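Here is a walk through a protein fold, meant for someone new to reading structures. Keep the picture open while you read, and look for each piece as it comes up.

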Amino acid sequence: MRIGIDIGGTKIELVALNSSGEVIYTQRGSTPKTNKELLKILEELINTAKKETGEELISIGVGIPGILDPKTRVSLVSRPCLEGTNVADDLNKIFNVPTRVANDANCFIYSEFTDGAAQGYNTAVGLIVGTGFGQGIVINGQIYEGSNGFAGELGHIGLPGQSAEEYNNAQECNVCGLKGCMDTWLTGGGLALLYKIRSGKKANGEEIVALADKGDKHAIGAIDDLATNIAKGIIAVVALIDPEVFVLGGGMSNIDKIYELIPGKFKELSIYGDYVPVVRKAMHGDSSGVRGAAWLPQMG
């Protein structure tokens, strides 16, 4: 079996896949505060998976938030329990199987590239539009991280094409400190802000979607604005990478209406004539990241 692990801000998720890519075991634990505690929890989760399934462990993949040094595989910007540690090396020493670590957004798109919404394409970009905004890139079957491991870190550059009104209403990012970066707009918080600008009221993403379904004009308008902003983000990626397919993940990717809106927004805002990118919803949903982690070691 292949084991994939996703280390989040509050939880650790483990999934075990058989040779056909089917999930045969899942387990969750709480994210600790220290390196030592993290390694102990991971060892316990993996040993429990081995015991419960009775399967031979052939590889381990780990998805983590933040940026990794491409040479040392040490997390540069991440959770306290991960800073300065090479979790792949640590697990390899314990279990002696191929072990690999990657950014969680890269794990997400690698899952969809392997057997999901991007299967059959050579170049694919995953955009996670959820609590935060992340991007992962796969080119010719390999995750592309760039020479310093920073490729795809679009969240903390400004959203292209912001109007003066949008910029004035934009929030300062609590990560990078910039005002109006993509991480503040292409997220659930961004949708809430768009709704507040239109209505003067507060609501979260789930509530806004429910209001839109009931015909609330402000909620409908906010979702339209979100689709516009996603299209702007896609335009920026097309200018740099021009992938064959985009796959959306995260909570906002479950708003079906945005898939109807994005193509028209893209054509309206871009300079690429009749070209419209292929934009798909993640096939594996919230499980894409941890499944992608499980597939990591097969890249070699």
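Strand β2, residues 11–17, is mostly covered, with six of its seven residues buried. Keep in mind that this is a predicted model.

β2 has a partner on either hand. β1 runs antiparallel to β2, and six bridges join the two. A hairpin of three residues leads from β1 to β2. β2 also pairs with strand β3 (residues 23–30), again in the antiparallel sense, over seven bridges. That second hairpin has five residues between its strands, and G21 in the turn has a positive phi of about 85°. To line the strands up by eye, find E13: D6 stands opposite E13 in β2, and E13 stands opposite R28 in β3. As general background, strands of a sheet pair through backbone hydrogen bonds, either parallel or antiparallel.

Here are the strand pairs that you can trace, side by side:

| Strand pair | Sense | Bridges |
|---|---|---|
| β1 and β2 | antiparallel | six |
| β2 and β3 | antiparallel | seven |
| β8 and β9 | antiparallel | seven |

Now pick out I3, which is found in strand β1 (residues 2–7). Is I3 buried or exposed? I3 counts as buried because its relative accessibility is 0%. Leaving aside neighbours within four places in sequence, I3 is in contact with a list of residues including L14, V15 and A16, and also I46, L57 and A294. How far is I3 from L226? Their C-alpha atoms are separated by 35 Å, and the two residues are 223 apart along the chain.

Next comes the largest nonpolar core, which has 40 residues; L191, I223, I230, I234, F246, I258 and I262 touch the most other members. The elements giving two or more residues to this core are β8, β9, α5 (182–185), α6, α7, α8, β11 and α9. α8 gives the most, with 12 residues. Take I234 as an example: setting aside neighbours within four places in sequence, I234 is in contact with L127, F246, I262, F266, P277 and V279. Another core lies apart from this one, with 26 residues, among them I3, I12, L68 and L82.

Let's turn to another sheet. Five strands form an open sheet in the order β10-β9-β8-β11-β12, and the pairing is mixed. β10 (142–143) and β12 (278–281) stand at the edges with a single partner strand each, so one side of each is left without a neighbour in the sheet. Helix α9 (residues 257–269) packs on the sheet, touching β11 (245–249) and β12, and its direction makes about 170° with that of β12. Within the sheet, V125 stands opposite I137 in β9.

Finally, look at helix α7 (residues 205–213), where G205, I208 and A212 are buried. They sit on the same side of α7, because they cover an arc of only 60° around the axis. The general rule is that an α-helix has 3.6 residues a turn, so residues three or four places apart point the same way. The face turned away from the buried side carries the exposed residues E206 and D213. What covers the buried residues of α7 includes α6 (188–199) and α8 (217–240). At the N-terminal end of α7, N204 acts as a cap, with a side-chain oxygen 3.2 Å from the backbone nitrogen of E206. Just after α7, G215 takes a positive phi of about 95°.

Conventions. Residues are numbered from 1 along each chain as its sequence is written. This is a predicted model: local features need pLDDT of at least 70, side-chain atom pairs count only at pLDDT 80 or more; totals for chains, interfaces and linings use all residues. Side-chain values use heavy atoms; hydrogens and water are left out. Two strands pair if DSSP finds at least two bridges between them. Helices (H or I, at least four residues) and strands (E, at least two) are DSSP runs, numbered from the N terminus. Contact means heavy atoms within 4.5 Å. Axes are lines fitted to C-alpha atoms, for helices over the stretch in contact, and angles run from 0 to 180 degrees between N-to-C directions. Buried means under 20% relative accessible area, exposed over 50%, partly exposed in between (1.4 Å probe, protein chains only). The arc is that of the directions from the helix axis to the C-beta atoms. A polar contact is a pair of N or O atoms within 3.5 Å; within protein, one must be able to donate a hydrogen and the other to accept it, and residues adjacent in sequence count only if both atoms are side-chain atoms. A nonpolar core is a set of buried Ala, Val, Leu, Ile, Met, Phe, Trp, Tyr and Cys residues joined through side-chain atoms within 4.5 Å.
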